[in-house]
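User: Please take a close look at one part of this model, the nonpolar surface patch, and set it in the context of the rest of the chain.

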Amino acid sequence: MIDQKVTLIGTALAVVLVVVFGMFIPLVGGVIALIVAGIVVGYMANQNIKTGAVHGALIGLFTGIIYILVIYVISGFSQKIIGGLIIYSLGSIPVYILLGLGGGIIGSVMKARQQHVEEILKEDESEEEVSSEDDEESYKKS
C-alpha cells in the first residue's frame, strides 16, 4: 500500500535537497539528494523492503518530473528548448527513479535492522528480569 503522506513529504524533501545540493555540489549534488530523500522515505514507510523501494521510486519519478517542469518554466516556456527537455527527461527520469529506489531500499533495510535489534534487546531485558527474580528466590531459600 502506498502511503501518500510519506510520498509527498519525500518528494518535497527531494526537490529541496536537489536544489540545495545542486548549488553547493554541482555534479553529484542531485545524486546525493535523491539517495538521502530515498533513505528517509524508505525509513518512514517502514513496512518492508518492497514498500520502501516503491516509495523511493515514486519520489524519484515525481522529483524528475518536477525538475523538468522547473527547467521548462525557467526557460520561459520556449519551444526551442522543448526538444532538448524531452531527450533530457528520457535520460534523467529513469536515473532519478533508480536513485530513489536504491535509497528507499537502504532506508527500509535500516528500519528493519533497527526493529530487529530492538526486539533482541527486549528479549535480553526480559530474560534478565526473570533471572534476577530467580536469583533472589534462591538467595532467600539458602
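Analyst: Met 23 lies in helix 1. In this predicted model, the residue has a relative accessibility of 59% and therefore counts as exposed, since the cut-off for that class is over 50%. Met 23 is one of the residues that make a nonpolar surface patch of about 1,100 Å². The other members are Ile 9, Val 19, Phe 24, Ile 25, Leu 27, Val 28, Val 31, Ile 32, Val 36, Val 40 and Met 44. Helix 1, residues 4-24, and helix 2, residues 29-45, each contribute at least two residues to the patch. The most is given by helix 2, which supplies five residues.

Val 28, another member of the patch, is placed in the loop between helix 1 and helix 2. Its relative accessible area is 41%, so Val 28 is classed as partly exposed. From the C-alpha atom of Val 28 to that of Val 18 the separation is 9.7 Å, and the two residues are 10 apart along the chain.

Val 40 also belongs to the patch, and it offers a link to helix 3. The C-alpha atoms of Val 40 and Gly 56 are 8.9 Å apart, with their positions 16 residues apart in sequence. Gly 56 is found in helix 3. With a relative accessible area of 0%, Gly 56 is buried, because that class covers values under 20%. Beyond residues up to four places away in sequence, Gly 56 touches Val 41, Gly 100, Leu 101 and Gly 104.

His 55 is likewise in helix 3, which spans residues 49-74. At 1% relative accessibility, His 55 counts as buried. When neighbours within four places in sequence are left aside, the contacts of His 55 are Met 1, Ile 2, Asp 3, Val 6, Thr 7, Val 41 and Ala 45. Val 41 thus appears among the contacts of Gly 56 and among those of His 55.

Ile 39 is found in helix 2. Its relative accessible area is 22%, which means that Ile 39 is partly exposed. The C-alpha atoms of Ile 39 and Ala 53 are 9.6 Å apart, and the residues are 14 apart in sequence. Not counting residues up to four places away, Ile 39 touches Gly 103, Gly 104, Ile 106, Gly 107 and Met 110. Gly 104 is a contact of Ile 39 and is also touched by Gly 56.

Helix 4 comprises residues 79-141. Val 109 has its place in this helix and is partly exposed, with a relative accessible area of 30%. In space, Val 109 and Ile 49 are 6.5 Å apart from C-alpha to C-alpha, whereas in sequence they are 60 residues apart.

Lys 111 is also in helix 4. This lysine is buried yet has no salt bridge. The nearest side chain of opposite charge is that of Glu 118, at 6.6 Å, and a salt bridge would need a side-chain nitrogen within 4 Å of a carboxyl oxygen. Apart from residues up to four places away in sequence, Lys 111 touches Tyr 43 and Asn 46.

Glu 118 leads to a second surface feature, a negative patch. This patch is formed by Glu 118, Glu 119, Glu 123, Asp 124, Glu 125 and Glu 127. Of these, Asp 124 lies in helix 4 and is partly exposed, with a relative accessible area of 35%.

The chain as a whole gives the setting for these details. Its secondary structure comes to four helices and zero strands, in the order α-α-α-α along the sequence. Of the 142 residues, 28% are buried. The accessible surface comes to about 9,400 Å², and carbon and sulfur atoms account for 68% of that area. Where contacts join residues at least 6 apart in sequence, 71% are between residues at least 24 apart.

Technical notes
Residues are numbered from 1 along each chain as its sequence is written. This is a predicted model: local features need pLDDT of at least 70, side-chain atom pairs count only at pLDDT 80 or more; totals for chains, interfaces and linings use all residues. Side-chain values use heavy atoms; hydrogens and water are left out. Patches are made of residues with over 30% relative accessible area and no salt bridge: like charges are joined within 9 Å, nonpolar side chains (Val, Leu, Ile, Met, Phe, Trp, Tyr) within 5 Å. Accessible areas come from the Shrake-Rupley method with a 1.4 Å probe; for residues, only the protein chains shown count as cover. Buried means under 20% relative accessible area, exposed over 50%, partly exposed in between (1.4 Å probe, protein chains only). Lys and Arg count as positive and Asp and Glu as negative; His and the chain ends are not counted. The place of a charge is taken as NZ of Lys, CZ of Arg, CG of Asp or CD of Glu. Contact means heavy atoms within 4.5 Å.
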